[in-house]
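Please open the model in your viewer and keep the sequence panel beside it, since each stop on this tour begins with a selection.

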Amino acid sequence: MSTTPRTTGRRRAAALLTAGVAAALTLTLSAPAVAAGSTLHAAASEKGRYFGTAIAAGRMNDATYMGIVDREFGMITAENEMKMDATEPNRGQFSYTNGDRIVNDALGKGKKVRGHTLAWHAQQPGWMQSMSGSALRQALLNHVTQVATHYKGKIYAWDVVNEAFADDGRGSRRDSNLQRTGNDWIEAAFRAARAADPGAKLCYNDYGTDSINPKSTAVYDMVRDFKARGVPIDCVGFQSHFGTTIPSDYRANLQRFADLGVDVQITELDIEQGSNQANAYRQVVEACLAVSRCTGITVWGVRDTDSWRTGKNPLLFDGNGNKKAAYTSTLNALNAGSSNGGGNNGGSTSIDTSAWYVLVNRNSGKALDVYNLSTADGADIVQWSRNDGNQQQWQFVASGNGGYRLKSRLSNKVLDVSNFSTANGGEVVQWPDLNGTNQQWNVTISGGYATLQNRNSGKVLEVQGASTADGANVVQYDGWNGANQQWQLVRVG
Ligand code: G3I
């Protein structure tokens with residue numbers, strides 16, 4: 001923290017100048033706007049992803065529920081209606097009424113469908129629960145063939161096999177009647193599904209595999225083996241039923257699967273309500289957007305009252321169908337940064353002067369921050385762990401000459417090189433907006449990172465000494481393209 005005293009004489013001069021160039025300022029730059037979707041699926045689509053939900057046939061007559069489904073989601077999963085007990089309640093007698101209702105409604109509205117699920121140890125019909133051995137294997141493969149054939153051409157991706165690994169901390173297969181038919185039951189199911197519906201992507205889906213752990217590594221080893229031996233598998237679903245936090249290696253785990261040559265999808269997302277819920281949803285979206293083969297996100301239900309996790313309020317809409325803070329953070333995270341094909345780090349590649357951005361330092365991962373929530377003239381600008389508070393949100397105000405001021409959402413004051421300093425290490429503070437050249441920055445965005453060059457001094461905004469600590473000083477310095485001089489522009493509002 002600097003305690004350098006600030007003086008104001010040069011700024012007063014800048015204020016007088018401002019009046020003189022007012023006419024020129026009316027021709028403000030209209031920077032290309034970052035496309036922003038106004039619904040979850042629209043926003044996801046701009047990033048080349050889908051955003052979906054699980055729905056229940058029994059709720060389809062609820063107008064509030066279906067209003068949200070129709071408006072917000074582009075991918076539909078049947079929460080229970082396409083499981084084994086629902087589709088083959090008696091051996092050889094198939095029942096598709098509720099599944100068809102969901103699938104046909106979705107397709108009729110231009111949405112896509114994830115099929116859930118062809119083979120699972122749970123929710124088996126009674127007749128199957130009591131079977132074993134080769135008879136069960138045959139019944140399983142017949143089930144896969146019949147159901148996948150019925151829905152042929154209508155399914156974007158099938159969860160062919162669900163939850164086949166145990167929670168024993170050793171990555172074992174889960175014991176079940178299906179597993180006891182032989183270790184190859186999973187690949188047999190995938191082969192039958194491919195033969196029945198060659199157009200559907202075929203996924204393995206599980207929970208507790210969201211971080212790098214023995215269970216996810218066992219799934220990883222299976223997928224790698226399948227790819228090596230030509231067993232048809234196209235995708236891995238990560239259910240992502242979370243408590244109040246997201247695993248720190250979530251993105252890395254998604255990426256290692258993607259690197260095997262499969263798509264990854266977040267298939268049953270819900271996150272327990274708490275002070276971190278909105279932030280955690282944002283983190284999930286950011287993780288998916290950071291992995292190019294993460295093709296979409298599905299939440300496991302619409303309103304909190306529709307969730308299987310009674311009392312946890314883990315979804316994006318409250319019981320009345322109102323958008324929660326988690327909804328807003330999810331939508332903002334989907335809208336942040338570039339459209340697909342732009343910067344690959346999620347950072348914006350152009351400036352929208354109506355937006356609010358958090359500036360995340362490339363070196364430290366911390367955000368540009370008005371120290372101690374100050375609204376005072378001369379308050380110091382530092383980096384701090386990202387929390388998206390108003391003291392970390394900045395708007396670009398065009399100066400009419402190619403430069404921008406950065407206005408704090410907290411104080412309404414702008415970034416300012418104190419005293420018009422031209423020295424390396426010159427202090428950066430907040431100050432009332434006078435549109436002085438010491439308050440103007442030329443912004444260059446490259447590879448998803450922005451460099452901000454002060455128009456008075458020619459030096460760039462950096463974290464002093466490449467510090468990674470909270471509270472580290474933000475100053476100006478000669479530009480040398482250091483990571484501590486690069487800032488990711490993350491749109492948050
Ligand atoms: O509809 C009947 C109702 O008529 C009956 O009175 C009542 C008695 O218990 O049961 C109702 O059915 C329940 C059904 O949900 C519909 O609400 C079942 O008992 C109940 O077992 C079933 O739970 C589902 C669960 O899978 C079954 O394992 C949840 O809705 C569903 O959200 C949940 O979804 C699973 C995924 O398929 C796989 N991953 C985990 C996820 C959460 O458990």
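Which elements do the buried residues of α9 pack against? Keeping in mind that this is a predicted model, select helix α9, residues 185-196, and then display β3 (112-120), α8 (133-150), β4 (157-162) and β5 (201-206), which are the elements that its buried residues pack against. The buried positions to colour within α9 are Trp185, Ile186, Ala189, Phe190, Ala192, Ala193, Arg194 and Ala196. A check on the helix geometry is also possible here: twelve residues at 1.5 Å a residue should span 16 Å, and because the end C-alpha atoms of α9 are 17 Å apart, the model agrees with that expectation.

From α9, move to one of its packing partners, α8, and select Leu136, which is found in that helix. Leu136 counts as partly exposed because 19 other C-beta atoms lie within 10 Å, whereas 20 or more would make a residue buried. If residues up to four places away in sequence are not counted, Leu136 touches Met131, Asn177 and Thr181. A distance drawn between the C-alpha atoms of Leu136 and Thr181 should read 7.3 Å, although the two are 45 residues apart in sequence.

Next, select the residues around the ligand, namely Glu79, Asn80, Ala122, Gln123, Asn162, Tyr207, Gln239, Glu268 and Trp308. Coloured by class, this shell shows three nonpolar, four polar and two charged residues.

Within that shell, centre the view on Glu268, which the unreviewed UniProt entry annotates as "active site". Glu268 has its place in strand β8, and it counts as buried because it has 23 C-beta neighbours inside 10 Å. Leaving aside neighbours within four places in sequence, the residues to show in contact with Glu268 are Ala54, Gln239, Ser240, His241, Thr298 and Trp300; Gln239 is also listed among the residues around the ligand.

For the last stop, select helix α11, residues 250-258, and colour its buried residues, Tyr250, Asn253, Leu254 and Phe257. Looking along the helix axis, you should find that they cover an arc of only 100°, which means that they lie on the same side of α11. What covers these buried residues includes β8 (263-271), the strand just visited, together with α10 (214-229), β6 (235-238), α12 (277-290) and β9 (294-299).

Terms used
Residues numbered from 1 in each chain as written. Predicted model: local features only at pLDDT ≥ 70, side-chain atom pairs only at ≥ 80, totals over all residues. Buried ≥ 20, exposed ≤ 12 C-beta atoms within 10 Å, placed from the backbone. Helix = DSSP H or I, 4+ residues; strand = E, 2+ residues; numbered from the N terminus. Arc of directions from axis to C-beta. Contact = placed C-beta atoms within 7 Å. Near = placed C-beta within 6 Å. Nonpolar A, V, L, I, M, F, W, Y, C, P; charged D, E, K, R; others polar. UniProt positions renumbered as here; feature names shortened; annotations may be inferred. Expected span 1.5 Å × (residues − 1).
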